[in-house]
Amino acid sequence: GGGKTHSCTVQLIVQAPFDFSVSCSPSSRTVTAGDSTTYTITVTLTSGTTQTVSLSCSGCPPASTCSFNPSSGNPTFSSTLTVSTSTTTTEGTYPLTLTGTGGGKTHSCTVQLIVQAPFIVYLESAEDTGVTANLGNITFDDATYSLPNNVSKAAGTYGARYNSASGYVFDHWEATGGVNVSSTTDNPTAVTVSGNGTLRTIYR
């Protein structure tokens with residue numbers, strides 16, 4: 001007013017809104033039922049000021065657990081998804097969707113999990129003379145089984161011990177197929193399972 005004009009200048013900084021992207025690796029894993037495996041999800045800041053992003057997973061197989069570590073973070077960060085199956089998890093191919101949510105934004109990536117059936121280990125025993133069979137029992141991976149018996153196991157190494165019947169003593173192990181022993185003459189021994197097979201104790 002009064003024929004006068006004055007002004008001041010301010011600065012307006014316009015920032016891009018918060019956003020992020022996600023990527024997953026590897027694209028596929030194969031696991032034997034009873035085992036665990038991992039994936040990595042990377043959450044990358046693409047614009048704006050970083051905000052917390054929470055992670056979730058859908059499509060986890062039955063009788064399995066899926067967990068992130070960490071379960072959230074501020075981009076850019078990476079997290080490990082651990083998928084733990086059980087021996088009762090059904091074999092098959094499972095698409096897993098890994099999702100990041102935060103700041104009003106949601107982004108996902110998809111990986112594949114292939115679950116294979118556990119291997120069958122056939123447990124039995126026999127006398128060295130062939131007169132008797134399946135006397136005693138076998139303790140395998142801390143569980144004791146009467147003989148003969150089929151045991152479902154994921155690939156791995158387990159402890160095995162033959163428990164003799166009265167009047168008999170352990171002589172040696174025999175292993176066939178995808179079952180191998182670290183020592184045929186030691187009791188207990190370590191047993192490596194890589195496929196279906198037989199673990200047999202010979203006693204005398």
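Cysteine 57 is partly exposed, with a relative accessibility of 24%. In this predicted model, the cysteine sulfur closest to that of cysteine 57 belongs to cysteine 66, at 4.2 Å. A disulfide calls for sulfur atoms within 2.5 Å, so the separation between cysteine 57 and cysteine 66 is too far for a bond.

Cysteine 66 does have a bonded partner, though: cysteine 60 and cysteine 66 form a disulfide in which the sulfur atoms lie 2.1 Å apart. The torsion about this S-S bond is about 95°, and the disulfide is therefore right-handed. Both ends of the bridge can be described by their accessibility. Cysteine 60 has a relative accessible area of 27% and is partly exposed; cysteine 66, with 24%, is partly exposed as well.

The structure holds two disulfides, and the other one joins cysteine 24 to cysteine 109, with 1.7 Å between the sulfur atoms. Here distant parts of the chain are linked, since the two cysteines are 85 residues apart. Cysteine 24 sits in strand S1, which covers residues 19–25, while cysteine 109 belongs to strand S9, covering residues 105–116. Cysteine 109 is buried, at a relative accessibility of 11%.

How do the two bridges fit together along the sequence? When the bonded cysteines of the protein are numbered in sequence order, the pairing reads 1-4, 2-3. A further cysteine to look for in the structure is cysteine 8, which counts as exposed at 71% relative accessibility.

Notes. Residues are numbered from 1 along each chain as its sequence is written. This is a predicted model: local features need pLDDT of at least 70, side-chain atom pairs count only at pLDDT 80 or more; totals for chains, interfaces and linings use all residues. Side-chain values use heavy atoms; hydrogens and water are left out. Helices (H or I, at least four residues) and strands (E, at least two) are DSSP runs, numbered from the N terminus. Buried means under 20% relative accessible area, exposed over 50%, partly exposed in between (1.4 Å probe, protein chains only).
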